[in-house]
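Here is my note on the structure you asked me to look over, written as a set of numbered points. Please read it with the sequence and the three-dimensional view side by side.

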Amino acid sequence: MSEVSLNTGVNPSITEDPQEVQKSSSAANHGDEVAITSVELMFAKLQNDLAIENREYAKDRIDAIKQKQQESKEISNVIVALRTACGNLKDTDNIDKSKIEDFNKVIDMCNKYGIKVDVPQSYTHAIECLQKSIDDAHGGNIRVANIPDIGDVRKAIADSGANYNTKHYPNYTNISTRDLLGVKSIGWRDVSTADVQEVLDNLKKAGPAMTVGTAKDIIQSLQDIQGTIGSDTQQQMIFVQDFMSKVSSYSQGAMSAISKSGDTTTAIARG
């Protein structure tokens, strides 16, 4: 959605600043040190107060429009990122999350707008298995082969695009690869709790795997939300135009009343 240009339809040359109107009212009321109280001046003050009030209303609406525009921009960025990640893949394929700078922003946006995202059971199960191994170790070492459903855990990590690599390896620094769970040949080895915890953290950071079909559903939901935001923005613009028209009308009314009051003061002074 493109940036909305605010056009209030009010001619600036005929819209008096309410603060300037207030100064004019004060000057008219204290000319030649004679306090003049008249219906015109009371009416001018009322008109001026209404002008200031409506100007503040207009400012609030403009701030709301700016916020909606920012929300729409963020949604557009996520939609583009998801479309790029989908590419020409089939609906049943997993998207390439590496093409999305921060995939968790997609999940956060879905949560923000109440868009349901199906989390694969394999992802949840992998987190549970790794966490159980860590808890059962009580800070000691963990034998990779003994991690529950290690094969499924490896697949869930691969599907999510999480990083297997860790930076600890206190017991086997001579191994050429740092791929902790991806290499089955090290399954019999004992690794530190810190290693498994790092893999678990990487898995949580990467988030669950997402199919192209799910990504397309999210895109459609975001487009619907974007349409609602656009309609709301247009309504807010109508309110701004209405308030600014009132500011113009009330300001002119105040200036007219002050002018009439000035004429009355001059007539009194001349006798």
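**Notes on the fold and its contacts**

1. Among the contacts in the protein chain with a separation of 6 or more, 78% are between residues that stand 24 or more positions apart. Please keep in mind throughout that this is a predicted model. Of the 271 residues in the protein chain, buried residues make up 38%.

2. The protein chain contains 7 helices and 2 strands, and when these are read along the sequence they follow the pattern α-α-α-α-β-α-β-α-α. The points below take up a few of these elements in turn, beginning with a single helix and then moving to pairs and to single residues.

3. Helix α6 covers residues 193-206, and its length can be checked with simple arithmetic: at 1.5 Å a residue its 14 residues should span 20 Å, and because the C-alpha atoms at its ends are 20 Å apart, the two values agree. Just after α6 comes Gly207, which has a positive phi, near 80°.

4. Which residues of α6 are buried? They are Thr193, Asp195, Val196, Glu198, Val199, Leu200, Asn202, Leu203 and Ala206, a list in which Asp195 and Glu198 appear alongside Val196 and Leu200. The elements that cover these buried residues include the helices α3 (103-112), α4 (121-137) and α5 (150-160), together with the strands β1 (141-143) and β2 (190-192).

5. One of those covering elements, α4, deserves a closer look, since the axes of α4 and α6 come within 10 Å and cross at roughly 155°. An angle over 145 degrees counts as roughly antiparallel, and therefore α4 is roughly antiparallel to α6. The crossing in which α4 passes α6 is left-handed. On the α4 side the contact is made by Tyr123, Ala126, Ile127, Leu130, Gln131, Ile134 and Ala137, while α6 contributes Thr193, Val196, Gln197, Val199, Leu200, Leu203 and Lys204.

6. How do the axes of α2 and α3 cross, and within what distance do they come? They come within 11 Å and cross at roughly 130°, an angle that makes α2 oblique to α3. Here too the description is of a left-handed crossing, with α2 passing α3. The residues that make the contact are Glu71, Glu74, Ile75, Val78 and Leu82 of α2 and Val106, Met109 and Lys112 of α3.

7. Asn54 lies in helix α2, which runs over residues 39-86. Its relative accessibility is 5%, and because buried means under 20%, Asn54 counts as buried. A polar atom of the Asn54 side chain lies 2.8 Å from the backbone oxygen of Leu50. If residues up to four places away in sequence are not counted, Asn54 touches Phe243, Lys246, Val247 and Tyr250.

8. Is Leu89, found in the loop between α2 and α3, buried or exposed? With a relative accessibility of 35%, Leu89 counts as partly exposed, because that class lies between the cut-offs of 20% for buried and 50% for exposed. Leaving aside neighbours within four places in sequence, Leu89 is in contact with Asn94, Ile95 and Val212. Leu89 and Gly213 are 124 residues apart in sequence, yet their C-alpha atoms are 9.5 Å apart in space.

Notes:
Residues are numbered from 1 along each chain as its sequence is written. This is a predicted model: local features need pLDDT of at least 70, side-chain atom pairs count only at pLDDT 80 or more; totals for chains, interfaces and linings use all residues. Side-chain values use heavy atoms; hydrogens and water are left out. Helices (H or I, at least four residues) and strands (E, at least two) are DSSP runs, numbered from the N terminus. The expected span of a helix is 1.5 Å times one less than its number of residues. Buried means under 20% relative accessible area, exposed over 50%, partly exposed in between (1.4 Å probe, protein chains only). Contact means heavy atoms within 4.5 Å. A polar contact is a pair of N or O atoms within 3.5 Å; within protein, one must be able to donate a hydrogen and the other to accept it, and residues adjacent in sequence count only if both atoms are side-chain atoms. Axes are lines fitted to C-alpha atoms, for helices over the stretch in contact, and angles run from 0 to 180 degrees between N-to-C directions. Angles under 35 degrees count as roughly parallel, over 145 as roughly antiparallel, 65 to 115 as roughly perpendicular and the rest as oblique. A crossing is left-handed if the near helix is turned anticlockwise from the far one by less than a right angle, and right-handed if clockwise.
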